[in-house]
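Subject: Structure for you to look at

Hello,

Here is the structure I promised to pass on. Please open it alongside this message; my notes follow below.

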Amino acid sequence: VMLEPMAGTSHPFPVELDLPPWTVARDVDFRRWLFGYGADLLIESPDVLKNEQKERSIAVLRLLQAAE
């Protein structure tokens with residue numbers, strides 16, 4: 001399957017994953033894979049993962065600011 005890029009967006013290749021609730025809630029390997037994309041990842045839902053991405057990003061910024 002070849003994804004067609006969406007025009008006019010900074011994230012041209014959207015991917016939608018339907019995951020069981022236990023994966024979203026507590027799968028460490030899933031989170032490592034997901035958040036390994038860093039700033040190249042835009043999470044739209046569920047809110048729990050959106051919030052975790054935001055919290056991780058803020059933590060990295062604080063760490064970098066403290067190192068200056």
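**Helix 2 and its cap**

D27 caps the N-terminal end of helix 2. A side-chain oxygen of D27 lies 3.0 Å from the backbone nitrogen of D29. Bear in mind that this is a predicted model.

Helix 2 spans residues 28-35. Which of its residues are buried? They are F30, R31, L34 and F35. These residues cover an arc of only 110 degrees around the axis, so they sit on the same side of helix 2. The face turned away from that buried side carries V28, D29 and R32, which are exposed. D29 therefore turns up twice: its backbone nitrogen faces the D27 cap, and the residue belongs to the exposed set.

What covers the buried residues of helix 2? The cover includes helix 1 (21-26) and helix 3 (47-67).

**Overall build**

The protein has three helices and zero strands. Along the sequence the pattern reads α-α-α. The radius of gyration is 14 Å, whereas a compact globule of 68 residues would come out near 11 Å. Taken along the principal axes, the C-alpha atoms fill a box of roughly 45 × 35 × 20 Å.

Buried residues account for 18% of the 68 residues. I also looked at contacts between residues at least 6 apart in sequence. Of these, 17% join residues at least 24 apart.

**The nonpolar core**

Seven residues form the largest nonpolar core. They are V24, F30, L34, F35, L41, I43 and L49. Helix 2 gives the most to this core, with three residues. In soluble globular proteins, nonpolar side chains tend to be buried together.

I43 is a good place to start looking at the packing. Leaving out residues up to four places away in sequence, I43 touches L34, F35, L49, K50 and Q53. L34, F35 and L49 are also members of the core.

**R31 and E52**

R31 is among the buried residues of helix 2. What does its side chain meet? The side chain of E52 makes a polar contact with that of R31, at 2.6 Å. E52 is in helix 3. Its relative accessible area is 16%, under the 20% cut-off, so E52 counts as buried. With residues up to four places away in sequence left out, E52 touches R31 and F35. F35 is in the core as well.

**The aromatic cluster**

There are two aromatic pairs. F30 and W33 form a tilted pair, with 6.0 Å centre to centre and 35 degrees between the planes. Both residues lie in helix 2, three residues apart, which is about one turn of the helix. W33 and Y37 form an edge-to-face pair, with 5.7 Å centre to centre and 90 degrees between the planes. Together, ring pairs link F30, W33 and Y37 into a cluster.

How buried or exposed are these three residues? F30 is buried, with a relative accessible area of 10%. W33 is partly exposed, at 43%. Y37 is partly exposed, also at 43% relative accessibility. F30 belongs to both groups: the nonpolar core and the ring cluster.

**The loop before helix 3**

One peptide bond deserves a look. S45 and P46 are joined by a cis peptide bond, with omega at about 0 degrees. Where do the two residues sit? S45 is found in the loop between helix 2 and helix 3, and P46 is placed in that loop too. S45 has 55% relative accessibility, over the 50% cut-off, so S45 counts as exposed. From S45 to R26 the distance is 16 Å, C-alpha to C-alpha, with their positions 19 residues apart in sequence.

**Where to look**

Three spots to visit in your viewer: the D27 cap on helix 2, the E52 to R31 contact and the cis bond between S45 and P46.

Best wishes

Note on methods. Residues are numbered from 1 along each chain as its sequence is written. This is a predicted model: local features need pLDDT of at least 70, side-chain atom pairs count only at pLDDT 80 or more; totals for chains, interfaces and linings use all residues. Side-chain values use heavy atoms; hydrogens and water are left out. Buried means under 20% relative accessible area, exposed over 50%, partly exposed in between (1.4 Å probe, protein chains only). Helices (H or I, at least four residues) and strands (E, at least two) are DSSP runs, numbered from the N terminus. The arc is that of the directions from the helix axis to the C-beta atoms. Contact means heavy atoms within 4.5 Å. A polar contact is a pair of N or O atoms within 3.5 Å; within protein, one must be able to donate a hydrogen and the other to accept it, and residues adjacent in sequence count only if both atoms are side-chain atoms. A nonpolar core is a set of buried Ala, Val, Leu, Ile, Met, Phe, Trp, Tyr and Cys residues joined through side-chain atoms within 4.5 Å. Rings of Phe, Tyr and Trp (its six-membered ring) pair if their centres lie within 6.5 Å; planes under 30 degrees apart count as stacked, over 60 as edge-to-face and the rest as tilted. The radius of gyration is taken over C-alpha atoms; the globule rule is 2.2 Å times the number of residues to the power 0.38.
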